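Hi everyone, thanks for making time this morning. I'd like to walk you through one structure, so please have a look at it while I talk.

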Amino acid sequence: MSAETEALSEQIKQSVALLRRHLDWDVAKTRLAELNHLSEDPELWNNPDAAQKLMRERTMLANQIEGVEALEADVQDTLDLVELAEMENDDAVVQEGLTTLRNLAAQAQQRETESLLSGEADSNDCYLEVNAGAGGTEAQDWAEMLLRMYTRWSEKHGYKVSMMESSEGEQAGLKSATILVSGPNAYGWLKTEAGVHRLVRISPFDSAARRQTSFASIYISPVVDDSIEIEIIDSDLRVDTFRASGAGGQHVNKTDSAIRITHIPTGIVVACQTDRSQHRNRATAMEMLKARLYEAELQKREAEASAAEAAKTDIGWGHQIRSYVLAPYQLVKDLRTNIEKGNPDAVLDGDLDEFMAASLAQRVSATRSEASATAQ
């Protein structure tokens, strides 16, 4: 067997071993059998909410297990084919087998990355909040550019984007805005984007065309479903009403229909101005607050505070997770993974998959290193 064949085989075996580890294979198989048995209960749909939750878990677990088993079978079949072809000196079949192994290795790596989307809330929808930082009008324009970037990424992946709240800048851009991103694993993917983002460019607002540095922060929190209980005490809240800004019709602009809620113990502030009804805006704002409080709890329990903590630091020098340089050269660099792309226009148009995958893959590598250390 050639060196490349052996290397690809070993790479795939490592990926499969890690996938089994992430799934806790024996426990996952036992749980799937239990879910299959429960799904056959004729009284299951007497409680539709519980039934839907069970079926979602069953489908997800079955897809993961069957995917790993199919991957293992395809690899073994391909290795047998390559070994036979090498014995018969059939170079064409050997090359075909190597191509298949390369594709399977890429598939295994992708499954490794996706296996990390197994956190408690990874499959949930999420809120994405952008806040302008140091840099005045420059930063507010940058905040609007970031909002567009994540909107474009979401749309390319078939996610639905809903504007929840926005506060326009004095001259241009946005002081802040919050959108709801709805779709499978929205929170799991976007949570890696939390932090401070730095822009370097020739200022379009400076008559002298000087180079300016601007900052804006991104904060991500999962939408909390009905199965998760978050206790909020009324006395811990300060509720303010204000007039919605921007377009929205005469009613929105003439009445105090927008709602801002401050959670006094944590200092978390949320706002909603999507509806003409103050009552409905308040209900939506409360859901947003629950999401923020739940995210805070996830940080404590999962000890994955690195990205989330970056979002809470000063929005300025020394805290950024990614730099976008448009002048004097063209480069986007993630400071956590060192992934670089020389086409900022594509990135700002939503080409973020490589950055997100690298951030998740970094956790895969950490898990693999821990597994190797344990084995030694």
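Let me start with a question: how many bridges join strand β4 to β9, and do the two run parallel or antiparallel? Five bridges join them, and the strands run parallel. Before I go on, please keep in mind that this is a predicted model.

To help you find your way, β4 covers residues 195-202, and β9 covers residues 320-325. If you want one pair of residues to look at, take Arg 198, which stands opposite Ser 323 in β9. Now, how many of the residues of β9 are buried? Six of its six residues are, so this strand is mostly covered.

Let's stay with β9 and look at another partner. Strand β10, residues 331-334, pairs with β9 in the antiparallel sense, over four bridges. So β9 has a parallel pairing with β4 and an antiparallel pairing with β10. At one end of β9 you'll find Val 325, whose bridge partner in β10 is Leu 331.

The link from β9 to β10 is a hairpin, and five residues make the connection. Please zoom in on that connection for a moment. Pro 328 sits there, in the loop between β9 and β10, and a cis peptide bond joins Ala 327 to Pro 328. The omega angle of that bond is about 10 degrees.

From β10 we can go on to strand β11, which is residues 340-341. β10 and β11 are again antiparallel, with two bridges between them. Here Lys 333 stands opposite Glu 340 in β11. These two strands also form a hairpin, with five residues in between. In that turn, look at Asn 338: its phi is positive, at about 65 degrees.

Asn 338 has company, by the way. Where else do we see an asparagine with a positive phi? One is Asn 89, with phi at about 55 degrees, and another is Asn 185, with phi near 60 degrees. Asn 89 is in the loop between α3, residues 48-87, and α4, residues 91-115. Asn 185 is in the loop between β3, residues 174-182, and α6, residues 186-190. As for surroundings, Asn 89 is exposed, with a relative accessible area of 65%, whereas Asn 185 is partly exposed, at 24%.

Now for the charged side chains. How many salt bridges does the model have? The count is 24, and I've picked three to show you.

The first one takes us back to the strands. Asp 334 and Arg 322 meet in a salt bridge, 3.0 Å from N to O. Asp 334 lies in strand β10 and Arg 322 in strand β9, so the pair ties together parts that are twelve residues apart in sequence. Are these two charged residues buried or exposed? Asp 334 is buried, with a relative accessible area of 0%, and Arg 322 is buried too, with 0% as well.

Next, please find Arg 148 and Asp 349. They form a salt bridge whose closest N and O atoms are 3.1 Å apart. Arg 148 is in helix α5, residues 137-156, while Asp 349 is in the loop between α10, residues 344-348, and α11, residues 353-375, so this pair ties together parts that are 201 residues apart in sequence. Arg 148 counts as partly exposed, at 45% relative accessibility, and Asp 349 also counts as partly exposed, at 23%.

That pair belongs to a wider set. Which residues are linked with them in a network of salt bridges? Arg 152, Glu 155 and Lys 156 are linked in that network together with Arg 148 and Asp 349.

My last example is Lys 175 with Glu 170, whose side chains meet in a salt bridge at 3.3 Å, N to O. Lys 175 is partly exposed, at 36% relative accessibility. Glu 170 is exposed, at 60%, because the cut-off for exposed is over 50%.

That's my tour. If you go back to just one spot, I'd suggest the β9 and β10 hairpin, with the cis peptide bond between Ala 327 and Pro 328 and the salt bridge between Asp 334 and Arg 322. Thanks for listening!

Notes:
Residues numbered from 1 in each chain as written. Predicted model: local features only at pLDDT ≥ 70, side-chain atom pairs only at ≥ 80, totals over all residues. Heavy atoms only, no water. Salt bridge = Lys/Arg side-chain N within 4 Å of Asp/Glu carboxyl O. Buried < 20%, exposed > 50% of the residue type's maximum accessible area, 1.4 Å probe, protein only.
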